[in-house]
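Colleague: Before I use the terms in your description, I would like to go through them with you one at a time. Could you show the structure, so that each term can be set against its value?

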Amino acid sequence: MAKRPPITNRVKEFRERDGLSQAALGEAIGVTRQTVIAIEQGRYSPSLESAFRISRIFGVGLEDVFGWEG
């Protein structure tokens, strides 16, 4: 089994707070719903560009959404 990336995130928390579906968030940042699912589950780390897009959609700073373990 692949090791999880050391990046943590609160994407699901912010997405649900704002009433967005996974598909709507994916469309807004230019990725698939499956990619959003993988990001939320911590199985995939988004590109820096996607991470900035996600934080801007939620109106918060990058470090409010993403963190580093270790």
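Modeller: What follows takes up the terms in turn, for a model that is predicted.

Colleague: Let us start with the packing of two helices: why is α2 called roughly perpendicular to α3?

Modeller: Helix α2, residues 22-29, and helix α3, residues 33-40, pack at an angle of about 105 degrees, with their axes 8 Å apart. Angles from 65 to 115 degrees count as roughly perpendicular, and therefore α2 is described as roughly perpendicular to α3.

Colleague: Which residues of α2 and α3 meet there, and how do they divide by class?

Modeller: On the side of α2 they are Gln22, Ala23, Leu25 and Gly26, which meet Arg33, Val36, Ile37 and Glu40 in α3. By class, the contact of α2 with α3 has 4 nonpolar, 2 polar and 2 charged residues.

Colleague: Staying with α3, which of its residues are buried, and what do they pack against?

Modeller: In α3, Val36, Ile37, Ala38, Ile39 and Glu40 are buried. The elements that the buried residues of α3 pack against are β1, α1 (residues 11-17), α2 and α4. After α3 comes Gly42, whose phi is positive, near 75 degrees.

Colleague: Why is Ser55 called buried?

Modeller: Ser55, which has its place in helix α4, residues 48-58, has a relative accessible area of 2%. Buried means under 20%, so with its 2% Ser55 is called buried. If neighbours within four places in sequence are left aside, Ser55 is in contact with Val60, Gly61, Leu62 and Val65.

Colleague: And why does Arg17 count as partly exposed?

Modeller: Arg17 belongs to helix α1, and its relative accessibility is 47%. The class of partly exposed residues lies between the limit for buried, under 20%, and the limit for exposed, over 50%, and therefore Arg17, at 47%, counts as partly exposed. Not counting residues up to four places away in sequence, Arg17 touches Phe58 and Val60. Between the C-alpha atoms of Arg17 and Gly30 there are 20 Å in space, and the two residues are 13 apart in sequence.

Colleague: What makes Glu13 partly exposed?

Modeller: The reasoning is of the kind just used: Glu13, which is also placed in helix α1, has 45% relative accessibility, so Glu13 counts as partly exposed. From Glu13 to Glu63 the separation is 50 residues in sequence and 14 Å in space, C-alpha to C-alpha.

Colleague: How do you know that Phe66 is buried?

Modeller: The relative accessible area of Phe66 is 10%, and because buried means under 20%, Phe66 is classed as buried. Phe66 is found in strand β2, residues 66-68. Its contacts, leaving aside neighbours within four places in sequence, are with Ile7, Thr8, Asn9, Val11, Pro46, Ala51 and Ile54. The C-alpha atoms of Phe66 and Thr32, which are 34 residues apart along the chain, are separated by 19 Å.

Colleague: Pro46 is one of those contacts, so why is Pro46 in turn called buried?

Modeller: Pro46 lies in the loop between α3 and α4, and its relative accessible area is 17%. That value is set against the limit of under 20%, and Pro46 is therefore called buried. Pro46 touches Ile39, Ala51 and Phe66, not counting residues up to four places away in sequence. Pro46 and Val36 are 10 residues apart along the chain, with 8.9 Å between their C-alpha atoms.

Colleague: Finally, how many cavities of 30 Å³ or more does the structure hold, and which residues line the largest cavity?

Modeller: The structure holds 1 cavity of 30 Å³ or more, and about 40 Å³ of space lies in the largest cavity. The lining of the largest cavity is made by Pro5, Ile7, Thr8, Asn9, Ile39, Gly42, Arg43, Tyr44, Ser45, Pro46 and Phe66.

Colleague: What gives the most to that lining, and how is the lining divided by class?

Modeller: Strand β1, residues 7-9, gives the most to the lining of the largest cavity, with 3 residues. By class, the lining has 6 nonpolar, 4 polar and 1 charged residues.

Definitions and conventions: Residues are numbered from 1 along each chain as its sequence is written. This is a predicted model: local features need pLDDT of at least 70, side-chain atom pairs count only at pLDDT 80 or more; totals for chains, interfaces and linings use all residues. Side-chain values use heavy atoms; hydrogens and water are left out. On a 1 Å grid over the protein atoms alone, a cavity is a set of points where a 1.4 Å probe fits but cannot get out, and a pocket is an open set with protein on both sides within 12 Å along at least five of seven lines; lining residues have an atom within 4 Å of a point. Grid points are joined across faces, edges and corners, and a volume is the space filled by probe spheres set on the points. Helices (H or I, at least four residues) and strands (E, at least two) are DSSP runs, numbered from the N terminus. Ala, Val, Leu, Ile, Met, Phe, Trp, Tyr, Cys and Pro count as nonpolar, Asp, Glu, Lys and Arg as charged, and the others, Gly among them, as polar. Axes are lines fitted to C-alpha atoms, for helices over the stretch in contact, and angles run from 0 to 180 degrees between N-to-C directions. Angles under 35 degrees count as roughly parallel, over 145 as roughly antiparallel, 65 to 115 as roughly perpendicular and the rest as oblique. Contact means heavy atoms within 4.5 Å. Buried means under 20% relative accessible area, exposed over 50%, partly exposed in between (1.4 Å probe, protein chains only).
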